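Biologist: I have the two-chain model open and would like to talk through how its parts pack together. Could you take me through it step by step?

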Amino acid sequence: MDLSHPGRRAYSHPALDVPAAELPDELVRRDPPGLPEVAERDIVSHYTRLAQMNYGVDTGVYPLGSCSMKYNPKVAEAVAALPGFQRAHPHQPDHTVQGALELLWRLERALCEITGMARATLQPPAGACGELTGLLIMRAHHVKQGSPRKRIAIPDSSHGTNPASVRLAGYEALHIPSDSRGLVDVSALEKLVDEDVAGLMLTNPNTLGLFEEEIEKITSVVHGVGGLVYYDGANLNAILGRCRPGNMGFDIVHINTHKTFATPHGGGGPGAGPVGVTEDLVPYLPVPSVERDEMTGAFHLSADRPHSIGRMHGFHGNFGVLVRAYAYVFLHGGEGLRAVGERAVLNANYLAELVKGTFPLAYPGRPMHEFVATAKALKEETGIRAMDVAKRLIDLGYHPSTVYFPLVVEEAMMVEPTETETMETLDGLAAAMLQAAEEARTEPDLLHRAPVTAPVRRLDEARAARHLRLRW
Amino acid sequence: MRFAPHTDDDVREMLARCGLDSLDQLFDQIPPSVRLDRPLDLPDGVSEMEILDDMRRLSALDRSADDLVCFAGAGAYDHYVPSVVWALAGRSEFYTSYTPYQPELSQGVLQALFEYQSMICELTGLEVSNASLYDGATALGEAVNLARSAPGRDRVLVSSAVDPRYVDTLRTYGRGAGYEPEVFAAEDGRGGRPEVGPDVAAVVVQHPNRFGILEPARELFGAAHAGGARAIQVFDPLSLGILAPPGELRADIAVAEGQVLGNHLSFGGPYLGIIATRLDDVRRLPGRIVGETVDVDGKVGFVLTLQAREQHIRRERATSNICTNQTLMAIAATVYLSWLGPQGLAELGRQCAAKASYAAGRLTEILGVDLLFPGAPFFKEFALRLPGPAEEVRDALIQRGFLAGVPLPDADGRGLLVAVTERRTKAQIDALAGAMRAVLA
């Protein structure tokens, strides 16, 4: 609003070429909205400067755990802008959008092959929405069996969306403890699950980056009480081409295309959260679905699923995002995707090796594509916390990892470099982390005062919540 | 085509540093019984040139609003997207960043979202907005959850003139939340008499509604309040240059589809869920909210705030489960609204209303074509009753280069919803009328 000046304008419309219309007086707006009046040139410099204050993957390594902030291929941007995709209206009849429908059909089949599922919905516009979709499918299945059941089991290390989705689906969360290895405590699971438990939600590898080695036992325990097992696909990057949730006993899988399939994070979205299911659960998938006519090969949208849980999105999901995921999948092919997983795990292990002397791993097992280290020892020695290390990393030119998650680890640093970073970048990030730790001992003020080089210094979040200013 | 940069030498050196000989050893902990013992059954990977060719082929199979003159609406509209919008929102510092967990490095996104929230408040006349939800339909689901907070008030009444896709979405979300939306009948395409008892949490009205018609919003919201329920309005952001906003009409919560604000048709997504409400509700608002604060030097800055509502803090006691939202679309909307300004928004509204009115006049000159609800005031869309099946007429007009509208389930399959935005010229409208006359002859 500082740039606003009465009478300035950017917009232009052609002259009105038809008579003006009359609207009922009582429905007409009296006071114009207080939108800024700004010339186009000032709009451009304003948002250009805002962009320049923002760090993205394109700027450098962005090692947020479980976010898979990998490089976003620019060819994906080019294909999403093709007019047959970008300018197609969602209400167009099927025969006029055969390209878009074919894309969705092929992507669905590819995602099913990658995850070992029978069919999938591409409608959920985000992972959390995918979780809700999967849980509503579980509910529909159990209702058909006679009772929805009451609880969904989730590990204590789970991502926050899991328990939140459980509640939205009308269930209560049943917390499963982890053992000393950071994995699901299987004997606790056996004692806790009963016929009131509709299912278990699990990420594998888990949020500690550790593979649940007893996964077959886990899924069979849940199946043993008639429950279903849900795979949170946040960490799918680690196992691409090596193993599939469908072969581990999972019944429902969600994928985050903005993680594993490199669709850009958009500053917080849009993403997409496709959900795959085993054959038995296909009848519950959302509608509409994309079907192919066996005789003619033509594609159409179908609502012919009498037991469907219904609609999860106004239209077909985040189609423009799915176009980008399609490009990524078919650029790589099966071998390419397997190489993605291998290099993601290699990068994480290499980086962990470089820093573990100072930031030890929270748990003893070999991590996969991400690792959780702890700054607890550093804090005990120097008083410097993981947050201070993170802020100092900003001054050293690096975006920090996630800190203080998962909740089961004190002074947690959850680090996922992804496969698209070079060895030199990892060397630099490790050196910066070790430098910050050294400075914690010798010049702690550098960490306490950090960041000093960012566009703003440390922000008062407590004040933001106490003195709410949510609009100008 | 690979984006992981490792050479064979890199791999060897990195493995050695880890005390390993082969990549396979990194996966030792996976039990052999769950390992995939075959390659993935996918076509071989290709080069960038080849994927472009493949996807151009797919795109070329589609008609679109580029080669068909678009009069289709019903929740997604062909408004003009000015060049500045994606020149700015498409900058990679915005689109390759993530949720601002380290706000010092994310002031660009955070400030843009703060401006977005502010503009939505100005547009709607309500007090607080958030940093986006998935789309209009799911935003309505969240609004209903927000409204269903008073004890004993569980029921949700929805006008039959609300977009059926929104009602379908409510039905799905309602199964988890424990309600079944109850539809009350509009009369002649608008209004209706919702029976707002003491167990009703909310009354949902779309204005302009699914027929493009202007609702008697003040009366309907008054009926909601008289019964102690909350009034939820589904609104059209681009109507608010000329139509009284939800706040003035005394809606309590307002939601909308923000695709019209600088976002492409894109076959239905990614779109933008808008929500606005009163400050009293702020602690139950779902999703990200950006707040203004200061840094240690007293400099103004922006952070995510009231995070205790959200899943990453509050987990099962969170107001919703939303994590990733539609931030980039909200940034596009902010640039778009800056480009329009208050005068541009009013001008745009006047043009849409004028062109829709003109089109309705020309089309109803055709023998057998009438307004489905004659006399009902409308904004940029109107419903026609055709002499024959609407889908057939629509398909015949596609052959002639027009996407003439969206067939309605009403009027025994002869209803057609026609939308006219500021992009449609008099010549295009006249041509549509001529083509429709020819098709129906």
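Modeller: Before we start on the interface, a word on the term: two residues are in contact if their C-beta atoms, placed from the backbone, lie within 7 Å. Please also keep in mind that this is a predicted model.

Biologist: Fine, so how many residues does the contact take from chain A and from chain B?

Modeller: The contact takes 166 residues from chain A and 169 residues from chain B. On the side of chain A that touches chain B, helix 9 of chain A gives the most, with 22 residues.

Biologist: And by class, what has the side of chain A that touches chain B?

Modeller: That side of chain A has 89 nonpolar, 47 polar and 30 charged residues.

Biologist: Let's stay with chain A, then. Into which domains is chain A divided?

Modeller: Chain A is divided into domain 1, covering 74-331, and domain 2, covering 335-455. Taken over C-alpha atoms, the centres of domain 1 and domain 2 of chain A are separated by 30 Å, and the contact takes 19 residues from domain 1 of chain A and 19 residues from domain 2 of chain A. By class, the side of domain 1 of chain A that touches domain 2 of chain A has eight nonpolar, eight polar and three charged residues.

Biologist: Back to helix 9 of chain A: at what angle do the axes of helix 4 and helix 9 of chain A cross?

Modeller: The axes of helix 4 (residues 98-115) and helix 9 (residues 319-355) of chain A cross at roughly 45° and come within 10 Å. Angles under 35 degrees count as roughly parallel and 65 to 115 as roughly perpendicular, and helix 4 and helix 9 of chain A are therefore oblique to each other. The crossing of these two helices of chain A is left-handed.

Biologist: Which residues make that contact of helix 4 with helix 9 of chain A?

Modeller: From helix 4 of chain A the contact includes A:Leu103, A:Leu104 and A:Leu107, while from helix 9 of chain A the residues include A:Phe319, A:Tyr326 and A:Leu337. By class, the contact of helix 4 with helix 9 of chain A has 13 nonpolar, no polar and no charged residues.

Biologist: What about helix 11 and helix 12 of chain A, at what angle do they pack?

Modeller: Helix 11 (residues 386-395) and helix 12 (residues 423-442) of chain A pack at an angle of about 120°, and their axes are 9 Å apart. Helix 11 and helix 12 of chain A are therefore oblique to each other, and their crossing is right-handed. In this pair, A:Val389, A:Arg392 and A:Leu393 of helix 11 of chain A meet A:Ala432, A:Met433, A:Ala436, A:Ala437 and A:Glu439 of helix 12 of chain A. By class, the contact of helix 11 with helix 12 of chain A has six nonpolar, no polar and two charged residues.

Biologist: Switching to strands: in what order do the three strands of the open sheet in chain A stand?

Modeller: The three strands of that open sheet in chain A follow the order 10-12-11, and the pairing is antiparallel. Strand 10 (371-374) and strand 11 (402-403) of chain A each have a single partner strand, so one side of each is left without a neighbour in the sheet. Strand 11 and strand 12 (residues 412-415) of chain A are joined by two bridges, and A:Val403 has A:Met413 as its bridge partner in strand 12 of chain A.

Biologist: Now chain B, what does the domain assignment give there?

Modeller: For chain B, the assignment gives domain 1 (69-81 + 342-440) and domain 2 (83-334), with 28 Å between their centres, taken over C-alpha atoms. The contact takes 23 residues from domain 1 of chain B and 26 residues from domain 2 of chain B. Helix 11 of chain B supplies the largest share of the side of domain 1 of chain B that touches domain 2 of chain B, six residues.

Biologist: And which strands form the edges of the four-stranded open sheet in chain B?

Modeller: That open sheet of chain B has the order 11-12-15-14, with antiparallel pairing. Strand 11 (370-371) and strand 14 (406-408) of chain B stand at its edges, each with a single partner strand. Helix 11 of chain B packs on the sheet, where it touches strand 11, strand 12 and strand 15 of chain B.

Conventions. Residues numbered from 1 in each chain as written. Chains lettered and ligands numbered in written order. Predicted model: local features only at pLDDT ≥ 70, side-chain atom pairs only at ≥ 80, totals over all residues. Pairing = 2+ DSSP bridges. Axes fitted to C-alpha atoms, helices over the stretch in contact; angles between N-to-C directions. Parallel < 35°, antiparallel > 145°, perpendicular 65-115°, else oblique. Left-handed = near helix turned anticlockwise from the far one by under 90°. Nonpolar A, V, L, I, M, F, W, Y, C, P; charged D, E, K, R; others polar. Domains from an automatic or database assignment.
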